[in-house]
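User: Hello! I am new to this model and would like a close look at one part of it. Could you walk me through a single helix pairing and then its surroundings?
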Amino acid sequence: QGATFHFTYTLHSIPCVGFRVDWRGRSMVFTGDHFNNPPALEKLVEKGVLSKQRAADLNHLPVQETDLLLHEAGAPPIHTPLDVLLKLPLEVKKRLYVVHTSALPEGCELRVAPTGTAGTIRLDKIRPVSSSNLSQMQIQRKRPSIFESTPKQSPFLNSLETSPSMFEDDNTCMLQDVDEYAEESELFNPSPNMYAHLGGSATVPAKPFAPPPVSLRPTSSSDAWFILNLLSAVPFLSSLSYTTTMEVLETARVVAYCCDEVVLAADRRNEYLVVVWEGACVERETKRQTALSSSMTDDGKGGNAVWYAGDWTGPRVLQPEKRFSGDSSSSVTHDVVAMSAEGVKVIKVDFTSLDRILKNDSALYRKYLLNLSQQHSCAIPSVISAKSNG
């Protein structure tokens, strides 16, 4: 999903690793087992147990700009004393969860991290620390970097300090429904009609100049692998040579759509191969269609077709299951629409180009087309004679 992990060794009797994750413009830090007590670390330096460089590294862990901090606490000297965390500013405590211990004093401002799948904390539901607030905070403190500390303050506390303005609108909890369209690194920067020529009469999203959240992660070196893996499920594509596969990749386009936006218009469902990468799509009756149209699908089941990650739609020659193809009974009257709240990301290939590529390089595809043409060339008389030769 494009996340970046940064690892560092923390201070513990048994070697432990802490890490920071950056994903779609948000971040979290997990300290792991760690003795985080700046005065005690200074004494260890004086005794020659720690080098100055190691102590400086421990005192200035890059946790200042994180959106979610999972910090351990426990019995020293191998764990962080709870008193250290209790002295943190209120703004830091709002985005901090204590791990490794649940023994918090009554009335404590700290919170124990929830456990189990029911206690999952989603980064996409956390208010991100905006770059403007960070810049203002750095100017107010007049620090050139997050690794420097002021002489009158503990380095650890300074590395965690944040601006109160970050939480002006949140007096209860950092977890809430927030605007996902923050200004941050994006995979795409689509305008309302950027992909209109690909999808037909595409609808304009409610927030026309904001990209869907599904597109807010930076590109990754693994993207090409994901695209190839998804395309390999489509008939005939896995039979192509390396050179021709690269030609398919050059033809393909990765497109992101907001929820309720038309991914493929009804009148163009046979013109493109569309493979869902992230999110889900559903058939939806076009505005031009009357309410009298049938809702029965080709397999006789009620309801509209739904495509999840890994599914695809396109001409019947590439989609063996008719109800998911551009030749389904509902394809003329139903658009393919993004249904996921985070938006949908798809791989889109023009079928005219793909058909040419397959005819040139895939013997299986040519044989399949030949079989189809022979089947269709068999003339069936309109009236079958009942006369018998015997």
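At what angle do helix H9 and helix H10 pack, and how far apart are their axes?

Analyst: Happy to help. This is a predicted model, in which local features need pLDDT of at least 70 and side-chain atom pairs count only at pLDDT 80 or more, while totals for chains, interfaces and linings use all residues. Residues are numbered from 1 along each chain as its sequence is written, and side-chain values use heavy atoms, with hydrogens and water left out.

Here is your pair. Helix H9, residues 242-251, packs against helix H10, residues 351-361, at about 180 degrees, and the two axes lie 10 Å apart. Helices here are DSSP runs of H or I with at least four residues, strands are runs of E with at least two, and both are numbered from the N terminus. An axis is a line fitted to C-alpha atoms, for helices over the stretch in contact, and the angle between N-to-C directions runs from 0 to 180 degrees. H9 and H10 are therefore roughly antiparallel (over 145 degrees; under 35 is roughly parallel, 65 to 115 roughly perpendicular, and the rest oblique).

On the H9 side, the contact (heavy atoms within 4.5 Å) uses Thr244, Glu247, Val248 and Thr251, and they meet Ser353, Leu354, Arg356, Ile357 and Asp361 of H10. By class, three of these residues are nonpolar, three polar and three charged. In this scheme Ala, Val, Leu, Ile, Met, Phe, Trp, Tyr, Cys and Pro are nonpolar, Asp, Glu, Lys and Arg are charged, and the others, Gly among them, are polar.

Now let us stay with H10 and go around it. Phe351, Leu354, Asp355, Ile357 and Leu358 are buried (under 20% relative accessible area; exposed is over 50% and partly exposed is in between, using a 1.4 Å probe and protein chains only). These buried residues span an arc of only 165 degrees around the axis, so they sit on the same side of H10; the arc is taken from the directions from the helix axis to the C-beta atoms. Thr352 and Asn360 are exposed on the other side of H10. An α-helix has 3.6 residues a turn, so residues three or four places apart point the same way.

The start of H10 has a polar contact too: a side-chain oxygen of Asp350 comes to within 3.3 Å of the backbone nitrogen of Thr352. Such a contact is a pair of N or O atoms within 3.5 Å; within protein, one must be able to donate a hydrogen and the other to accept it, and residues adjacent in sequence count only if both atoms are side-chain atoms.

From H10 we can step to helix H11, residues 363-377, which holds Leu369. With a relative accessible area of 25%, Leu369 is partly exposed. Leaving aside residues up to four places away in sequence, Leu369 touches Val317, Asp355 and Lys359. The C-alpha atoms of Leu369 and Lys359 are 9.1 Å apart, with their positions 10 residues apart along the chain.

For comparison, here is another helix pair. Helix H1 (residues 38-46) and helix H2 (residues 52-59) have axes that come within 10 Å and cross at roughly 170 degrees. That makes H1 roughly antiparallel to H2. In this contact, Pro38, Leu41 and Val45 of H1 meet Lys52, Ala55, Leu58 and Asn59 of H2. The residues divide into five nonpolar, one polar and one charged. Within H1, Pro38, Ala40 and Leu41 are buried, and they cover an arc of only 155 degrees, which puts them on the same side of H1. Pro39, Lys43 and Glu46 are exposed on the other side of H1. Just after H1, Gly48 has a positive phi of about 80 degrees.

Two loops also deserve a visit. Most residues other than glycine have a negative phi, and most peptide bonds are trans. His100, however, has a positive phi of about 80 degrees although it is not a glycine, and it lies in the loop between strand E5 (96-99) and helix H5 (131-141). Pro77 follows Pro76 through a cis peptide bond with omega near 15 degrees; Pro77 belongs to the loop between strand E4 (68-72) and helix H3 (82-86).

Finally, the wider setting: the protein chain has 11 helices and 13 strands. Of its 390 residues, 45% count as buried.
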